[in-house]
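Q: Please examine closely one sheet in this model and the helices that meet around it. How are its strands arranged, and how do helices pack in this part?

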Amino acid sequence: MNAISTIPRADNLGLLACHTCGLACASRLASCPRCAAPLHRRKPGSTGRTVALLAAAAIFYVPSNLVPVMHTQTLGGGFESTILQGVGEFWRSGDWDIALIIFIASVVVPCAKFLVLGFLLLRARSGAEQQRRDRARLYRMVEFIGYWSMLDVVVVALLAAAVQFNQLSAVTPRPGIAFFGIVVVLTMLAVMSFDARTIWDEERRRGRR
Amino acid sequence: MDSFPHLLVCEHCDSVYTRRALRRGEVARCLRCDAVLERAQRLTIEAWFALSVAAALLFLLANVYPIVEIRLRGLAGEATLWAAVAALAASDAALFALPAGLAFIGIPLAQIVLLLWLLGFARRGRRAPGFAFGMRWLERLRPWSMAEVCLLGALVAITKLGGLLDVAAGPGLWALAGLTVLIIVVAGRDLRQLWQVGA
């Protein structure tokens, strides 16, 4: 037995931490005596909610990539572009750095969230200490990258507001950007509903709340 | 006993530690999962309040002045944050105008208002009416506040237009840049230390 596994966990001491303000409370309480938020040993229905939200996000992810996110009107005519076409446009015009930023925010980050959360859901409550610590870091990473995917929504909205010269030049948002925004919100909710503490729970507790 | 303020529970793995006072610049980390447990308080309540007032002013400027300004053959265009949300609302993507408006404008505003309210009382050593409500909501709103994403988005939009049109950063962009930094400082997780005021 090494030093780390001797650090007590709140659950074993009859304690739980308030999700909202962090106060250590007696497990028997229903709400936090300090901030009045409801108390839970673990986030209620964590696994089910995370799976459901992640599945919903995956469903919306399809149209968010196939449906155009914006329409650009120029003197020569108009064209629609999806997120990936937008990235390609930057790449071809030589702005590889901007292409990379948008690609990371719009493609890599959402996909990373799907993969990492899926992996964490499958592997929660098992593995050696070091593996669990790596998974805890992985979770904090997806938590941190959370809203950066909203980047494309900002770009399209600002372009649409700034470029309004009728026939000469105009940018209009298309439904793809709404689908994409919904994906971001759903993945953020999925990450929030996952309870990182289950990574450290004993395997025999499977199924118990 | 119902609660144990002298204990520190890691929110990521449930490990329990005895809290000890941190010196300036110190960070307490969980030994089990390596998450940050607590940071030493960097700001006095007075400084915190002052930075929140500054954030409120920058918020105002970032919303009033254009973020992006463009010119095309004698025509001029500009975009404020409001106009950007309005452009979404007027389009086929109207469905997402409300969430975007909240994330880019409404939630940062709510954070600043709540902070001014709580800190305005805290600097006199008192708890504001609705203190617990305000603290709860500041905690809940934090992940949805996206001022920094707006900043990066504005920079990308400016670069995107740069090749086609005469484009410049509007005064709102500088205010937004300042606001981004201030929101991270004043509305971060360190906020929990306010629970110790007047307790």
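A: The following account begins with the sheet and then turns to the helices and the domains. The model is a predicted one.

In chain B, three strands make up an open sheet, ordered E6-E5-E7, with antiparallel pairing. Strand E6 (75-79) and strand E7 (166-169) of chain B are at the edges, each with a single partner strand, so one side of each has no neighbour in the sheet. From one strand to the next, the twist averages 15°. Strand E5 of chain B, residues 68-72, is joined to E7(B) by four bridges, and the two run antiparallel. Within E7(B), B:Val167 is the residue opposite B:Ile70.

A helix of chain A also meets this sheet: helix H5 of chain A (residues 151-162) lies across E5 and E6 of chain B. Its direction makes an angle of about 145° with E6(B).

A further pairing between the chains involves helix H3 of chain A (residues 96-123) and helix H5 of chain B (residues 147-162), whose axes come within 11 Å and cross at roughly 140°. H3(A) and H5(B) are therefore oblique to each other, and their crossing is left-handed. On the H3(A) side, the contact is made by A:Ile98, A:Ile101 and A:Ile102, which meet B:Val156, B:Thr159 and B:Lys160 of H5(B). By character, the residues of this contact comprise four nonpolar, one polar and one charged.

As for the wider setting, chain B is divided into domain 1 (1-40) and domain 2 (43-196). The centres of domain 1 and domain 2 of chain B, taken over C-alpha atoms, are separated by 30 Å.

Methods. Residues are numbered from 1 along each chain as its sequence is written. Chains are lettered from A and ligands numbered from 1 in the order in which they are written. This is a predicted model: local features need pLDDT of at least 70, side-chain atom pairs count only at pLDDT 80 or more; totals for chains, interfaces and linings use all residues. Two strands pair if DSSP finds at least two bridges between them. Axes are lines fitted to C-alpha atoms, for helices over the stretch in contact, and angles run from 0 to 180 degrees between N-to-C directions. Two residues are in contact if their C-beta atoms, placed from the backbone, lie within 7 Å. Domain bounds come from an automatic or database domain assignment. Angles under 35 degrees count as roughly parallel, over 145 as roughly antiparallel, 65 to 115 as roughly perpendicular and the rest as oblique. A crossing is left-handed if the near helix is turned anticlockwise from the far one by less than a right angle, and right-handed if clockwise. Ala, Val, Leu, Ile, Met, Phe, Trp, Tyr, Cys and Pro count as nonpolar, Asp, Glu, Lys and Arg as charged, and the others, Gly among them, as polar.
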